[in-house]
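Visitor: Please take me through this structure and explain how each term applied to it is justified.

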Amino acid sequence: MNLNALKKKLIAEKENLESELGYIGEKDEERPGNYNAQPAETDQVGFRDEVADRLEEYDERLATEQPLEARLRNVTDALERIEHGAYGLCNVCGQKIEDDRLAANPSARTCKAHIKESGDRA
Ligand SMILES: [Zn+2]
């Protein structure tokens with residue numbers, strides 16, 4: 001397992017996620033890693049359709065924001081585990097996570113046998 005390569009991938013993914021989240025929301029300064037979806041800005045409100053559009057977009061932003069935040073948390077956790085030398089161990093059984101699983105998903109938290117328990121993408 002090439003830890004440096006995985007770390008690079010994780011850092012790149014973290015930057016990606018942060019920029020996507022930065023687009024749909026504002027960083028929550030009091031809760032690191034959390035973002036608050038913001039309604040799209042318009043200069044004036046006054047037309048019913050426009051309000052409906054804005055609300056719809058806000059819903060979409062909220063729906064997009066939460067999975068991105070969850071991924072960001074996983075990636076941040078994985079980077080922390082690398083720093084502490086605890087990277088690549090299954091959260092459920094404590095065994096080493098398979099190399100090919102980590103290569104496909106560097107922020108994986110469980111071995112293949114325990115994918116279901118983790119709620120991770122495979
Ligand atoms: Zn396991």
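Visitor: What makes the meeting of the side chains of glutamate 83 and lysine 7 a salt bridge?

Guide: The term requires a side-chain nitrogen of Lys or Arg within 4 Å of a carboxyl oxygen of Asp or Glu. For lysine 7 and glutamate 83 the N to O distance is 3.0 Å, so the pair satisfies the definition. Glutamate 83 belongs to helix α2 (residues 48–84) and lysine 7 to helix α1 (residues 3–24), so the salt bridge ties together parts that are 76 residues apart in sequence. Helices (H or I, at least four residues) and strands (E, at least two) are DSSP runs, numbered from the N terminus. As a general principle, side chains of opposite charge can pair when their charged atoms come close.

Visitor: On what kind of model do these statements rest?

Guide: This is a predicted model: local features need pLDDT of at least 70 and side-chain atom pairs count only at pLDDT 80 or more, while totals for chains, interfaces and linings use all residues. Residues are numbered from 1 along each chain as its sequence is written, and side-chain values use heavy atoms, with hydrogens and water left out.

Visitor: Does glutamate 83 count as buried or exposed?

Guide: Buried means under 20% relative accessible area, exposed means over 50%, and partly exposed lies in between (1.4 Å probe, protein chains only). Glutamate 83 has 55% relative accessibility and therefore counts as exposed. Its partner, lysine 7, has a relative accessible area of 25% and is therefore partly exposed.

Visitor: How many salt bridges does the structure hold?

Guide: The structure holds 6 salt bridges. One of them joins lysine 14 and glutamate 18, whose closest N and O atoms are 3.8 Å apart. Both residues lie in helix α1, 4 residues apart, which is about one turn of the helix. Lysine 14, at 25% relative accessibility, is partly exposed, and glutamate 18, at 27%, is also partly exposed.

Visitor: How do you know that lysine 112 and aspartate 100 meet in a salt bridge?

Guide: Their side chains approach to 2.8 Å, N to O, so they satisfy the salt bridge definition. Lysine 112 lies in the loop between α3 (99–104) and α4 (115–118), and aspartate 100 lies in helix α3, so the pair ties together parts that are 12 residues apart in sequence. Lysine 112 is called partly exposed because its relative accessibility is 40%; aspartate 100, at 47%, is partly exposed too.

Visitor: Which residues coordinate the zinc ion?

Guide: The zinc ion is coordinated by Cys90 (SG), Cys93 (SG), Cys111 (SG) and His114 (ND1), at 2.0 to 2.3 Å. Donors are N, O and S atoms within 2.8 Å of the metal (3.2 Å for Na, K and Ca), so these atoms qualify; water is not among the atoms, so sites may look incomplete. Along the sequence, the donor residues are spaced C-x2-C-x17-C-x2-H. Cysteine 90 is buried because its relative accessibility is 5%, whereas cysteine 93, at 34%, is partly exposed.

Visitor: Why is the site of the zinc ion called tetrahedral?

Guide: Four donors count as tetrahedral if all angles lie between 85 and 135 degrees. The angles among the 4 donor atoms of the zinc ion are 98 to 115°, so the site meets that condition.

Visitor: What does the UniProt annotation cover?

Guide: The unreviewed UniProt entry gives residues 85–112 as "domain: Zinc finger DksA/TraR C4-type". Its positions are in the numbering used here, feature names are shortened, and annotations may be inferred rather than shown by experiment. Over residues 85–112 the chain is 21% helix and 0% strand.

Visitor: Which residues does lysine 9 touch?

Guide: Lysine 9 lies in helix α1. Not counting residues up to four places away in sequence, lysine 9 touches Ala103 and Pro106, a contact being heavy atoms within 4.5 Å. The C-alpha atoms of lysine 9 and serine 107 are separated by 9.5 Å, although these residues are 98 residues apart along the chain. With 42% relative accessibility, lysine 9 is partly exposed.

Methods:
Tetrahedral: all angles 85-135°; square planar, octahedral: opposite > 155°, others 65-115°.
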